[in-house]
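I opened this structure with a few plain things to look up. I wanted to see which helices touch, what is covered and where the backbone turns unusual. My entries follow.

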Amino acid sequence: MNPRPRICAAIVAALALTIGAAGCSSKATKDDSPDKSSGGVKTGNGVTATSIPLGVLTDLTGVYASLGKSVTQAQQLWVKQTNDAGGICNRKIELTVRDHSYDPQKAVAAYTELEPKVLGFVQFIGSPFVAAVKQRIDTQDKGLVLPQAWSASLLGSPYIRVLGATYDIETINAVDYLLTQKLIAKGDKIGHVYFEGDYGENALAGSKYAAQQAGLTVVEQKIKPTDNDMSAQVAALKQAGVKAIVLSAGPRQAASLVGVAAAVKFNIPIIGNNSAFAPQLLKTAAGPALAKMYLVAASTLPIGSTEPGPTKLAKEYSAAYPKDGLDNGVVAGWSAATVYGEALKKACTDKNLTREGVDKALLTIKGFDNGFGITHDLSDPKAPSTRESVIMKPDLTVPGGLKVVQEAAVAKAAESYTPGS
C-alpha cells in the first residue's frame, strides 16, 4: 500500500549526466589526505589550524526562496555567535553559500563545486536534489549533510541525516490530528495534493498508510513545483467529495489551494507539511482563509512560541536582521546548525576533525534538546531523529505566523510504521 519514494523521471533525466561527470572529477580534486595534524587534531577537507569550512546549498530565488533565506540567515547568526564565543576547537566556522534556485542542475553543480572545499554541508534544500547525489555521498564523499529535506529515501545513510520526522511519518501524524479532532471520520475521502518527486511521493505514502489504518480513502492530485494555480485541483477534490486535504507542496501552492477553496465555499480543513507555509501569506488575499482553514505539521515548536528557546532565538534573529520577518525557516536553520556544532565539538574532543571523525561523533548524539520542543536521537542512521510532530495553525497576531494547537506527539499509527516502506 506504500510505494517506495522515488525521484521523478524529469529530475533523473536532468541530473544523470551531471552526476556522472561529478563522480569522475571530484575524487581527483579534493583532499585525499585528511590525516594531516594541526594542533594535535586530525584535519581534512579544508579544515585548517584556524578555520572549519561548511557548505550551504540553498534556495534564495526559487520555490522556497523565503524559507531558504531564513534558514541561511539563522545559520549565519549561529556562526557569528559561535565565532564570537571562540569558535569550535579553537577554529572559526566559515560558511560558503550557493543559491541553486530549486533547479536540479544548479543544485548538483553547486554541490560538485563546494564538496572538495568543505568539511560538510549544514544545509541542502530539496529532497530530490539530495537524493540525486546520495549514492555519491555514501560511497565516495562521505561528508556529513544535514539537509532541509525530510524524505524517507534519505534514511539509511550514515552521512545524510534527517533532522525531524520524515514526510511520511509527519503526514501520518497530520492525518491522525484530523481524526482525533473529529474533523474527518472513518469512511471519509481525503484529498492529497503533492509535488512530484521524493518530497510529495514520500508524504503520499504516509497519507495512504494512515488512510489504510483508519478506513479512509485518498484522492490524489499530483502537481509540479511550477504549478501555482490550484483551481483545477480544488475543483477535482470538491467533485470527489473529500472532507479534508493534505498538502505536500510549497507556500505558493498553499495560498492558492486555500484561497481557491474558500472562494468556492469548499470550507474543509487543509493541513500541510512543514515546508508548505510562509507567514507572508497571511498578509495576502488568502490570509483570512489560511487562518480559518489551514494547519501545519512540523518537528519543532514555531518561532513564535513563548517557550525560552524560540523566544531567545526570535529576539536575537530580529536584532541581527531587523528588516526581515520571522518564520519557521529560522528554527530549521538554527536547529541544523546547533546539531552540526555539537558533532564538531565531539569530534574535536576526539581530536579528529576529518569527515570520518565528524560522522562518528554524530552517532554519539542522543537525547539532544536545543530548546524547540522535541528531543533528537542521531544514533541510528536508519531512523529519523524523531517521530513526533507539532501541529500549528496560522495566526497573524503571533510572531512567525503560527501558534501551537497540539504539542509534540506521535500518532499510534506512526509508532510502528517503517519509513519508506
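**Entry 1: α12 against α13**

I began with the contact between α12 and α13. The model is predicted, and I kept that in mind throughout. From α12, I listed V339, Y340, A343, L344, K346 and A347. On the α13 side they meet G357, V358, A361 and L362. I sorted this contact by class and got eight nonpolar, one polar and one charged residues.

Next I looked at the geometry. The axes of α12 and α13 (residues 355–362) come within 8 Å and cross at roughly 110°. An angle of 65 to 115 degrees counts as roughly perpendicular, so α12 is roughly perpendicular to α13. I noted the crossing as right-handed.

**Entry 2: α2 against α12**

I then turned to the pairing of α12 with α2. How do α2 and α12 lie to each other, parallel or oblique? Helix α2 covers residues 65–84 and α12 covers residues 328–349. Their axes come within 7 Å and cross at roughly 40°. The pair is therefore oblique. This crossing is right-handed.

I wrote down the residues in contact. α2 brings L67, S70, V71, A74, Q75, L77, W78 and Q81. α12 answers with G329, V330, A332, G333, W334, A336, A337, T338 and G341. By class I found ten nonpolar, seven polar and no charged residues in this contact.

I thought of the helix repeat here. An α-helix has 3.6 residues a turn, so residues three or four places apart point the same way.

**Entry 3: α2 on its own**

I checked the length of α2. Its 20 residues should span 28 Å at 1.5 Å a residue, and the end C-alpha atoms are 28 Å apart, so the two agree.

Which residues of α2 are buried? I found G68, S70, V71, T72, Q73, A74, Q75, L77, W78, V79, T82 and N83. I then asked what covers them. The cover includes strands β3 (51–58), β4 (92–99) and β5 (120–124). Helices α11 (308–320) and α12 are also part of that cover.

Just past the end of α2 I stopped at G86, where phi is positive, about 110°.

**Entry 4: α6**

I made the same length check on α6, residues 167–180. Its 14 residues should span 20 Å at 1.5 Å a residue, and the ends are 20 Å apart by C-alpha, which agrees.

How many of the 14 residues of α6 are buried? Eleven are, and the helix is mostly covered. I listed them as Y167, D168, I169, E170, T171, I172, N173, A174, V175, Y177 and L178. After α6 comes K182, with a positive phi near 60°.

**Entry 5: H192**

T171 led me on, as H192 is in contact with T171. H192 sits in strand β6, residues 189–195. Its relative accessibility is 0%, so H192 counts as buried. I set aside its neighbours within four places in sequence and read off the other contacts. Besides T171 they are A203, L204, S207, V218, V219, E220, Q221, V246 and S248.

**Entry 6: positive phi in two loops**

Most residues other than glycine have a negative phi, and most peptide bonds are trans. I therefore noted two residues that are not glycine but have a positive phi.

Y102 has a phi of about 55°. I placed it in the loop between β4 and α3 (104–114). Y102 counts as buried because its relative accessibility is 14%.

K265 has a phi of about 60°. I found K265 in the loop between α9 (251–263) and β9 (270–272). K265 is exposed, with a relative accessible area of 68%.

**Entry 7: two lysines in helices**

K292 is in helix α10, residues 287–293. At 60% relative accessibility, K292 counts as exposed. I took the separation of K292 and V258, which are 34 residues apart along the chain. Their C-alpha atoms are separated by 9.5 Å.

K345 brought me back to α12, where it lies. Is K345 buried or exposed? Its relative accessibility is 48%, so K345 counts as partly exposed. K345 and A291 are 54 residues apart along the chain, and their C-alpha atoms are separated by 42 Å.

Definitions and conventions:
Residues numbered from 1 in each chain as written. Predicted model: local features only at pLDDT ≥ 70, side-chain atom pairs only at ≥ 80, totals over all residues. Heavy atoms only, no water. Helix = DSSP H or I, 4+ residues; strand = E, 2+ residues; numbered from the N terminus. Buried < 20%, exposed > 50% of the residue type's maximum accessible area, 1.4 Å probe, protein only. Contact = heavy atoms within 4.5 Å. Axes fitted to C-alpha atoms, helices over the stretch in contact; angles between N-to-C directions. Parallel < 35°, antiparallel > 145°, perpendicular 65-115°, else oblique. Left-handed = near helix turned anticlockwise from the far one by under 90°. Nonpolar A, V, L, I, M, F, W, Y, C, P; charged D, E, K, R; others polar. Expected span 1.5 Å × (residues − 1).
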